[in-house]
Amino acid sequence: MAKSVSPDAISFILANPCPNSSSDLPEIIVQVLDLKPLGVKHTFMANDGKMKVKGLLQSTLSTEVASGKIQDRCLIRVLDYTLNDIPTKNEKYLIISKCEAVGPPLEEEYIAEVKSEEGGIAKKPKHEIDVKIETNNNEAAGIFLKPKQQVVTKSAAQIVHEQHGNMAPSARMAMTRRIHPLVSLNPYQGNWTIKVRVTGKGNMRSYKNARGEGCVFNVELTDEDGTQIQATMFNEAAKKFFEKFEMGKVYYISKGTLKVANKQFKTVQNDYEMTLSENSEVDQVNNEPSFIPQTKFNFVAIDELGPYVNGRELVDVIGVVQSVTPTMNIRRKINNETIPKRDITIADATKKTVVVSLWNDLATNIGQELLDMSDKSPVVAIKSLKVGDYQGVSLSAVSKSVIVVNPDSPEAEKLRSWYDSEGKDTSMAAIGSGLSPLTNSGSRSMYSDRVSLSHITSNPLLGDDKPVFYCIKACISYIKHDQAMWYQACKTCNKKVTEAVGSGYWCEKCEKNEQDCSLRYIMAVRVSDGSGEAYLLVFNEQAEKLLGCSADELNELKSQEGESAYQMKLKKAIWVPHLFRIGVTQNEYNNEKRQRITVKAVAPIDYATESKFLVEEISNLKISK
């Protein structure tokens, strides 16, 4: 049976702007008019044939719009909503967080038929009736609204007071309070209360600017649906709530404000960020069942990690485990503390691999689990990873990272199917090698920030405050053949070893003696381009790409075939153009600061892509003129 618009649906919504529970709602069916995208959300006009009100479909409903289930002039059943006042515009906004399409689009706007005083039937005029806050307009339209004072919105303190005072069962309390899901919040809402778990807590930080000095800290909050938001507190609010917020605890929070999130500093996937003042209410949840938030992922393909290199934004990845290293101990320079580390290599359907560094408990617990089952190539989904530029592109876990082994999700099933059918027999390449310029896959790492050597050498203060990164196109013009080209390294941690008394090699870091060691490159080369020359420091992985062999192989060549064969091998690497991703820092030597230029990544020239890049540069020059 076809559904029709609910009579006086808008009047009911106006009289009940914040219903206690979606389960108590009567059937509310309205027509969608003037549906328009607004970022990841959609605006529309809700119509019941008599009245209209402006509405907003939350981002969680964007898939319904994209699939065509929700269209312009279609009918939807409203399952959960909030009606917000916008004082600056003197109007109301219907925020729909849950709904479903119940009918195909109508041919035209629905207009209800109303009875006249004489008993006849007359159609309502087609002109729009806007829903305003003024009661006079509502009375003129023949609508009686329930006084707003009768609608009680409970604060966090009220909820907790009722909980302790009345000692009502949790189920009864859950029916009486109105908890807003994070996905439904927006800057235009008035009173709201959320129930969230603290899944991340930052340190108290001091700042100083033109307005004075102060302190700030933030927390990451997650609700039962897995939606996250970052909350920031300044000065008095920071001092008030810093000790109150504890990792893993659940809280009711109210009387906060929201604003559009600054993408440069946000660490969670949310369009908004929250600010709590000293007047905000934060109360810990006691004597009722808590919840474990769902882990929501926003996966980034491995070949699309390039634009995130050295950025603040954390990423989620999913991949098939290719290899797992043993645990190694890393000593921190700050406090000389030793922490465990383990590297895993994962691959996805883009046929690219990336190294993920796990630390502390992730390295010793889940890392060991992955090592034990590495022969089965498990699928791992990892949330909140920092993207670095080690070996071009690398990933590193942070304190709030989450790893799910063999997750039950469509993405994992699709990846497993691909790997079993063709992936396991496919040749994989590291994302840091042979990065593709002018595309999303690594463009920041290899092709952005292109400069000449003279730009670096003519600015001796570059890298004084912090490292700076550039891309250069140059050729190696000289390799000093009698320099120390390599060092003896531990096969476990790659750190330098010393010859032990008697036999073998001693690793200070691993605190053990091994019978043999490996050789790893650390060499200086002079490179040149059309503007000048400079010396670069090259480490093992990049040196292997430039010379075409490992340090062990080059040492063997030198010992077996002599000095001439060794020098000939070095000459083959000279005057071959490459793309270099470099980092510039300041190094103090004999009380004098000097530039230290280190190669972070190297790739051969792709002449087709290089030509496109040069054409684009020429076009930019023409435009600037």
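This is a short dialogue about ring pairs and charge pairs in a predicted model.

Student: Let's start with the rings. How many aromatic pairs does the structure hold?

Tutor: The structure holds 6 aromatic pairs. One of them joins Phe217 and Phe242 edge-to-face, with 4.9 Å centre to centre and 85 degrees between the planes. An angle over 60 degrees counts as edge-to-face, so that is how this pair is read.

Student: Where do Phe217 and Phe242 lie in the chain?

Tutor: Phe217 is in strand β10, while Phe242 is in the loop between α6 and β12. The two are 25 residues apart, and their pair links distant parts of the chain. Phe242 has another partner too: the charged end of Lys201 sits over its ring, 4.2 Å from the centre.

Student: Is Phe217 buried or exposed?

Tutor: Phe217 is buried, because its relative accessibility is 0%.

Student: Now the charges. What is the general idea of a charge pair?

Tutor: Side chains of opposite charge can pair when their charged atoms come close. Here you can find 19 salt bridges. Among them is the one between Glu109 and Lys52, at 2.9 Å from N to O. Glu109 lies in the loop between β5 and β6 and Lys52 in strand β3, so this bridge ties together parts 57 residues apart in sequence.

Student: What about Asp316 and Lys383?

Tutor: Their side chains meet in a salt bridge of 3.2 Å, N to O. Asp316 belongs to strand β16 and Lys383 to strand β20, so parts 67 residues apart in sequence are tied together. Asp316 counts as buried at 5% relative accessibility, and Lys383 is buried at 11%.

Student: Which residues are linked in a network of salt bridges?

Tutor: Look for Glu27, Arg77 and Glu100, which are linked in such a network.

Conventions. Residues are numbered from 1 along each chain as its sequence is written. This is a predicted model: local features need pLDDT of at least 70, side-chain atom pairs count only at pLDDT 80 or more; totals for chains, interfaces and linings use all residues. Side-chain values use heavy atoms; hydrogens and water are left out. Rings of Phe, Tyr and Trp (its six-membered ring) pair if their centres lie within 6.5 Å; planes under 30 degrees apart count as stacked, over 60 as edge-to-face and the rest as tilted. Helices (H or I, at least four residues) and strands (E, at least two) are DSSP runs, numbered from the N terminus. Buried means under 20% relative accessible area, exposed over 50%, partly exposed in between (1.4 Å probe, protein chains only). A charge sits over a ring if NZ of Lys or CZ of Arg is within 6 Å of the ring centre and within 35 degrees of the ring normal. A salt bridge is a side-chain nitrogen of Lys or Arg within 4 Å of a carboxyl oxygen of Asp or Glu.
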